[in-house]
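Here are some notes to read with the model open beside you. Take the points in order, and find each residue as you go.

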Amino acid sequence: MFRWLTEGLLANAPVVATELERVVRTHLEGADEQTTKIVVAVAGLLGTVAYADREYSPAEEQRIRTELSRVSGLDSVGVNAICAVLRERILETATIDSPIYARELRELADVDLRLQVLDILVDLAAADGEITI
């Protein structure tokens, strides 16, 4: 119905978190395009959930590190680099870029992977001992 509007918005949408994507691409060598975009989306959503209460606590960052270390092909240097980008750009990640991450994950990941990510995000939300609404 409003195709003209959505097409215009999508055409002007920023590239998925360019700095986060650059870091993921650098440290996830050999990954295909889809895998890279999924990892960027998951990392961005982890940052978004961690900052949902407007605090990015050490416990939340540790949980993010744990989850990112599970990504095949991503070593500790890559995890550190991703966490550094999240720390430096957490406000932008959690506000401006979060719809992009959600859309990318929805478009690229199957239902099982999206459910796994949702489970991880809920666990992350409780990493600091409470879930605020």
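1. Leaving aside its neighbours within four places in sequence, which residues is I38 in contact with? The model is predicted, so treat what follows as a reading of a prediction. I38 is in contact with L105, L108, A109 and L113. Find I38 in helix α3. Then look for E104, which is 66 residues away along the chain. The C-alpha atoms of I38 and E104 are separated by 7.0 Å.

2. Is I38 buried or exposed? Its relative accessibility is 13%. Buried means under 20%, so I38 counts as buried.

3. Now step back to the whole chain. The protein has eight helices and zero strands. From the N terminus on, each element in the run is an α. Of the 133 residues, 38% are buried. Take the contacts between residues at least 6 apart in sequence: 68% of them join residues at least 24 apart.

4. Next, the largest pocket. About 320 Å³ of space lies in it. It is lined by 14 residues, and those closest to its centre are I38, V42, V71, L113 and V117. So I38, from point 1, appears here again. As a general aid, rolling a probe the size of a water molecule over the atoms shows where empty space is left.

5. Which helix gives the largest share of that lining? The answer is α3, with six residues. At least two lining residues come from each of α3, α4 and α8.

6. Turn to helix α2, residues 18–27. Its buried residues are L20, E21, V23 and V24. They cover an arc of only 165 degrees around the axis, so they sit on the same side of α2. A general rule helps here: an α-helix has 3.6 residues a turn, so residues three or four places apart point the same way. What do the buried residues of α2 pack against? They pack against α3, α5 and α7, the last spanning 98–108.

7. Helix α4 covers residues 58–68. E60, E61, I64, R65, E67 and L68 are its buried residues. Seen down the axis of α4, these fall within an arc of 165 degrees, so they line one face of the helix. Their cover includes α3 (33–50), α5 (76–88) and α8 (111–125).

8. E60 deserves its own look. It lies in helix α4. E60 is buried yet has no salt bridge. How far away is the nearest side chain of opposite charge? That side chain belongs to R54, and it is 10 Å away. A salt bridge needs the charged atoms within 4 Å. Not counting residues up to four places away in sequence, E60 touches A50, D53, E55, L124, A127 and D128.

9. Finish with R54 itself. Where is it placed? R54 is in the loop between α3 and α4. Its phi is positive, about 65 degrees, although R54 is not a glycine. Check its surface too: R54 has a relative accessible area of 48%, so it is partly exposed. Compare E60, which is buried.

Technical notes. Residues are numbered from 1 along each chain as its sequence is written. This is a predicted model: local features need pLDDT of at least 70, side-chain atom pairs count only at pLDDT 80 or more; totals for chains, interfaces and linings use all residues. Side-chain values use heavy atoms; hydrogens and water are left out. Buried means under 20% relative accessible area, exposed over 50%, partly exposed in between (1.4 Å probe, protein chains only). Helices (H or I, at least four residues) and strands (E, at least two) are DSSP runs, numbered from the N terminus. The arc is that of the directions from the helix axis to the C-beta atoms. Contact means heavy atoms within 4.5 Å. Lys and Arg count as positive and Asp and Glu as negative; His and the chain ends are not counted. On a 1 Å grid over the protein atoms alone, a cavity is a set of points where a 1.4 Å probe fits but cannot get out, and a pocket is an open set with protein on both sides within 12 Å along at least five of seven lines; lining residues have an atom within 4 Å of a point. Grid points are joined across faces, edges and corners, and a volume is the space filled by probe spheres set on the points.
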